[in-house]
Amino acid sequence: MLYIEKPDATAWTKIYVLCLLFAFVGCLGSTTTIELSPATRAELDAILDTLQARYDLTGSLKITRMAVRIEEGERSEELRELLWYKKSENGGELLHIQALGAMNEPRGIVIANQDENQFVLILLNEQKAYPGPLSDGALREIFGVDLRVSDVLSAIFANPFLDGRTADFISVESSGAKFVIKRPGVQTGHVETITLFIREDEPRVTEWHIHDENGTLEQRATFADYREVSGILRPHKVEIERPLEQTRVAVKIAKVELNVEISDSKFDPEPLLTEDIEIIHPSELRE
């Protein structure tokens, strides 16, 4: 259990977590391997190679116009976000996301630095910061909910396979330009269903569903409005729905730039951690 300093799950903090991180629930389970025909395996490998190449060719990413709408039961919120992503010279990955208020002032900031094994969430209005190691359990420690930091990249790049789980499938079905892939999730008994369409020889991930061991839909993600940016195909609309929590996040990207120069200082949280900011470590949230 977390004591009262735990952020209120029905207030702005949960909204920050949902919209700042495009967070996906992790699922995990037993491994099931199926035998694919050589032709199907070759076609599937070509799809996975193309998705991987889009990621490999993106050294940096900057989103300066992004609208986010969050629906939680009867409640609805809208805000703008800014995002900076960069691969470091050391091979790590750097991420900085801001949620803006009505006057375009920063209200929430997330910085993740793989080189420094560092993660921090800063709520500027509340004047609180939640730092910790960059790990899949960081958000669970802070918020008491099972969100995986490692899945952020999968959402940004519309590629569920960035986690490396590309071999152990439950089933692969194809019909013309449509592919439906099922694989074990990360939690025992969970199943992920990923739908792709091939258009003009380019694969597009359109849906990513996660069902629990009882077959109940836990999360639905959809990717749409694919457009080329600097020769790389990217979705400009992302929706994430978690039916059990009656939560839906819709993201519309209006302006994105790839492989632009971004200073490493953008991913340094120290200048933001002023004397007015209360630092709350995950260990302090436990009873």
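**Group meeting talk: strands, a helix and a core**

Okay, let's start in the middle of a sheet: strand E3 and strand E4, residues 106-113, pair in the antiparallel sense, with seven bridges between them. One of the pairs to look for is Leu100, whose bridge partner in E4 is Pro106. The two strands make a hairpin with five residues between them, and in that hairpin Asn104 takes a positive phi near 65°. Before I go on, please keep in mind that this is a predicted model.

So what does the chain look like overall? We have 287 residues in the protein chain, and 49% of them are buried. The secondary structure comes to five helices and 14 strands. If you take the contacts between residues at least 6 apart in sequence, 51% of them join residues at least 24 apart.

Back to E3, residues 93-100. How many of its eight residues are buried? Eight of the eight, in fact. Both faces are covered: on one side you have Glu93, Leu95, Ile97 and Ala99, and on the other Leu94, His96, Gln98 and Leu100. Have a look at that mix of side chains when you turn the model around.

Now step from E3 to its other neighbour. E2 and E3 pair in the antiparallel sense as well, over eight bridges. Here Glu81 has Ala99 in E3 as its bridge partner. These two strands also form a hairpin, with five residues between them, and Gly91 in the turn has a positive phi of about 90°.

Keep going and we reach E1. E1 and E2 are antiparallel too, paired over 11 bridges, and in this pairing Ile63 stands opposite Leu83 in E2. Their hairpin has two residues between the strands, and Gly73 takes a positive phi near 65° there.

On to E13. Strand E1, residues 60-72, pairs with strand E13, residues 247-258, in the antiparallel sense over 11 bridges. Remember Ile63? In E13, its bridge partner is Val256. Lys62 has a bridge partner in E13 as well, namely Glu257.

One more strand and we're done with the walk. E12, residues 232-242, runs antiparallel to E13, and six bridges join them. Among the pairs, Glu239 has Ala250 in E13 as its bridge partner. The hairpin of E12 and E13 has four residues between the strands, and Gln246 takes a positive phi near 50° in it.

Next, a lysine I'd like you to click on: Lys86, in strand E2, residues 75-87. Is Lys86 buried or exposed? With a relative accessibility of 16%, Lys86 counts as buried, because the cut-off for that is under 20%. And what does its side chain meet? A polar atom of the Lys86 side chain lies 2.6 Å from the backbone oxygen of Ile262. Leaving out residues up to four places away in sequence, Lys86 touches Gly59, Ser60, Gly92, Glu93, Leu94, Ile262, Ser263, Asp264 and Phe267.

Let's move to the core. The largest nonpolar core has 49 residues, and the ones that touch the most other members are Leu61, Leu83, Leu196 and Phe223. There is also a second, separate core of 12 residues, which includes Trp84, Leu100, Ile262 and Phe267. What does Leu61 touch? Not counting residues up to four places away in sequence, the list is Leu83, Trp84, Tyr85, Ile156, Arg234, Val256, Glu257, Leu258 and Ile262.

Last stop, a helix. H2 covers residues 38-56, so to speak the 19 residues you see as one run, and reaches 26 Å from its first C-alpha to its last, close to the 27 Å expected at 1.5 Å a residue. Which residues of H2 are buried? They are Leu44, Ile47, Leu48, Leu51, Arg54 and Tyr55. Looking down the axis of H2, these buried residues fall within an arc of 115°, so they line one face of the helix. Pro38, Ala39 and Asp49, on the other side of H2, are exposed.

That's the tour. If you open the model afterwards, you could start at E3, where both faces are covered, and then look at Lys86, which counts as buried at 16% relative accessibility. Thanks, everyone!

Notes: Residues numbered from 1 in each chain as written. Predicted model: local features only at pLDDT ≥ 70, side-chain atom pairs only at ≥ 80, totals over all residues. Heavy atoms only, no water. Core = buried A, V, L, I, M, F, W, Y, C linked by side-chain atoms within 4.5 Å. Buried < 20%, exposed > 50% of the residue type's maximum accessible area, 1.4 Å probe, protein only. Contact = heavy atoms within 4.5 Å. Pairing = 2+ DSSP bridges. Polar contact = N/O pair within 3.5 Å; in protein donor to acceptor, adjacent residues only side chain to side chain. Expected span 1.5 Å × (residues − 1). Arc of directions from axis to C-beta.
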